[in-house]
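Colleague: Mind walking me through how you read a model like this? I'd like to go from the overall fold down to single side chains.

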Amino acid sequence: ADLRNQLPMAINNFGKVLTLVPWDAEVHQRLGSVLLRNGDYAKALVQYNEALRYDRTAIPPRLGVARVLIAQQRLAEARGVLHGVLRLDANNEEAVTLLRTLPAETLSN
């Protein structure tokens, strides 16, 4: 299969599923991840936030939000989100790994 067509197809399919089960946090999360891979950062954030609206303690959408923020160079915000993940799940390997990729904490706003 042509990989270039797979992301738009996946986005389309998740969109169809969400018309049936708009409250399904995991579908929002997965759609967010596909949008992130596609570089649609604003749309990805919307989906991750929708996932969190329906499942407030979910970790994967929080990690997704952090990845979007890192991609947007919003590093202080990303750090805050990742510290939030570690408050919920102290041993979350992905959060620890992402935090390590961030430059040392600075006192900028």
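**Reading the fold, then two residues**

Modeller: Happy to. Start with secondary structure: the protein chain has six helices and zero strands. Keep in mind that this is a predicted model.

Colleague: And what pattern does the protein chain follow along the sequence?

Modeller: Read from start to end, the order is α-α-α-α-α-α.

Colleague: How do I read the radius of gyration of the protein chain?

Modeller: Set it against what a compact globule with the chain's number of residues would have. For 109 residues that reference is near 13 Å, and the protein chain comes out at 15 Å, which agrees. For the extents, the C-alpha trace spans about 45 × 30 × 25 Å along its principal axes.

Colleague: What share of the 109 residues is buried?

Modeller: Buried residues account for 35% of them. Looking at the surface instead, the protein chain exposes about 7000 Å², with carbon and sulfur atoms supplying 54% of that area.

Colleague: What about contacts between residues far apart in sequence?

Modeller: Take the contacts with a separation of 6 or more, then ask how many bridge long stretches. Here, residues 24 or more positions apart make up 40% of those contacts.

Colleague: How many positive and negative side chains does the protein chain have?

Modeller: There are 13 positive and 11 negative ones, and the centres of the two sets sit 3 Å apart.

Colleague: Let's zoom in. Is His28 buried or exposed?

Modeller: The idea is to compare relative accessibility with a cut-off, and buried means under 20%. His28 has 5%, so it counts as buried. You'll find His28 in helix α2, which covers residues 25–37.

Colleague: Which residues is His28 in contact with, leaving aside neighbours within four places in sequence?

Modeller: That list is Leu18, Pro22, Gln47, Glu50, Ala51 and Tyr54. Gln47 deserves a second look: its side chain and that of His28 are joined by a polar contact of 2.7 Å.

Colleague: Now Arg30. Where does Arg30 lie, and how accessible is it?

Modeller: Arg30 is in helix α2 as well. For accessibility, partly exposed is the class between under 20% and over 50%. Arg30 has a relative accessible area of 44%, so it is partly exposed.

Colleague: Which side chain does the side chain of Arg30 make a polar contact with?

Modeller: With that of Glu26, at 2.7 Å. You can also compare sequence separation with distance in space: Arg30 and Leu63 are 33 residues apart in sequence, and their C-alpha atoms are 12 Å apart.

Terms used:
Residues are numbered from 1 along each chain as its sequence is written. This is a predicted model: local features need pLDDT of at least 70, side-chain atom pairs count only at pLDDT 80 or more; totals for chains, interfaces and linings use all residues. Side-chain values use heavy atoms; hydrogens and water are left out. Helices (H or I, at least four residues) and strands (E, at least two) are DSSP runs, numbered from the N terminus. The radius of gyration is taken over C-alpha atoms; the globule rule is 2.2 Å times the number of residues to the power 0.38. Buried means under 20% relative accessible area, exposed over 50%, partly exposed in between (1.4 Å probe, protein chains only). Contact means heavy atoms within 4.5 Å. Accessible areas come from the Shrake-Rupley method with a 1.4 Å probe; for residues, only the protein chains shown count as cover. Lys and Arg count as positive and Asp and Glu as negative; His and the chain ends are not counted. The place of a charge is taken as NZ of Lys, CZ of Arg, CG of Asp or CD of Glu. A polar contact is a pair of N or O atoms within 3.5 Å; within protein, one must be able to donate a hydrogen and the other to accept it, and residues adjacent in sequence count only if both atoms are side-chain atoms.
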